[in-house]
Number of protein chains: 2
Amino acid sequence: MKKFLADIDVMPLKEILDPQGKAVTGSMKNLGLPEINNVRIGRHITLEVDAETQEIATEKVETACKKLLANMIMENYSYHIREI
Amino acid sequence: MKKFLADIDVMPLKEILDPQGKAVTGSMKNLGLPEINNVRIGRHITLEVDAETQEIATEKVETACKKLLANMIMENYSYHIREI
């Protein structure tokens with residue numbers, strides 16, 4: 001059995017307002033960083049998967065994203081997986 | 001003036017308990033994914049920086065991370081920056 005590490009990003013869809021990101025963009029101005037714009041905030045998730053092959057690990061990560069980690073109505077996800 | 005996109009990950013330090021990650025690890029078992037372990041949950045942040053050079057953009061992102069995006073007591077951060 002091999003062990004894989006998955007790095008997953010879950011982000012709000014572009015079409016959807018990101019009030020937390022908007023608030024942080026505003027704070028950048030107050031912090032003396034007016035050059036920073038369009039902040040968007042999502043989640044970064046790392047996890048370990050035990051699997052025989054990278055393909056099986058990828059399947060497990062897909063299932064985890066769809067069923068638990070991302071809300072497919074409001075978010076999209078991307079990931080990369082590597083053996084550890 | 002050039003425009004850069006920064007991808008920033010802010011994660012709880014390894015030494016620090018991540019109760020949200022622990023809860024999600026537990027849910028994986030109930031979801032029929034017992035192969036998934038050691039879930040850790042942090043933030044993924046994207047932002048745009050206007051700057052003359054990549055070095056200046058990097059400095060701005062460092063300042064933003066230290067002052068606003070990460071809590072250096074409990075979290076660490078990493079990023080990459082590319083011109084868009």
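**View 1. A:Cys65 is buried in this predicted model.** The relative accessible area of A:Cys65 is 0%. Buried here means under 20%, so A:Cys65 falls within that class. B:Cys65 is buried too, again with a relative accessible area of 0%.

**View 2. The cysteines form no disulfides.** A disulfide is a covalent bond between the sulfur atoms of two cysteines. Over all chains, the structure holds zero of them.

**View 3. Chain B is laid on chain A.** The operation is a turn of 180° with a shift of 0.0 Å along the axis. The RMSD of the fit is 0.0 Å. The two copies are therefore related as by a two-fold rotation axis. The same surface serves both copies, since 100% of the contact residues of chain B recur in chain A.

**View 4. B:Arg43 at the rotation axis.** Which residue of chain B comes closest to the rotation axis? B:Arg43 does, with its C-alpha at 2.1 Å. B:Arg43 is also among the residues in contact with B:Val10, the subject of the next view.

**View 5. B:Val10 in strand β1 of chain B.** The strand covers residues 2–12. B:Val10 has 0% relative accessibility, so B:Val10 counts as buried. Leaving aside neighbours within four places in sequence, the contacts of B:Val10 include B:Gly42, B:Arg43 and B:Ile45. B:Leu69 and B:Ala70 are in contact with B:Val10 as well. B:Glu75, B:Asn76 and B:Tyr77 also belong to this list.

**View 6. B:Val10 and B:Glu35.** How many residues apart in sequence are B:Val10 and B:Glu35? They are 25 residues apart. In space, they are 25 Å apart, C-alpha to C-alpha.

Methods
Residues numbered from 1 in each chain as written. Chains lettered and ligands numbered in written order. Predicted model: local features only at pLDDT ≥ 70, side-chain atom pairs only at ≥ 80, totals over all residues. Heavy atoms only, no water. Disulfide = S-S within 2.5 Å. Buried < 20%, exposed > 50% of the residue type's maximum accessible area, 1.4 Å probe, protein only. Least-squares fit on C-alpha atoms with pLDDT ≥ 70 in both. Contact = heavy atoms within 4.5 Å. Helix = DSSP H or I, 4+ residues; strand = E, 2+ residues; numbered from the N terminus.
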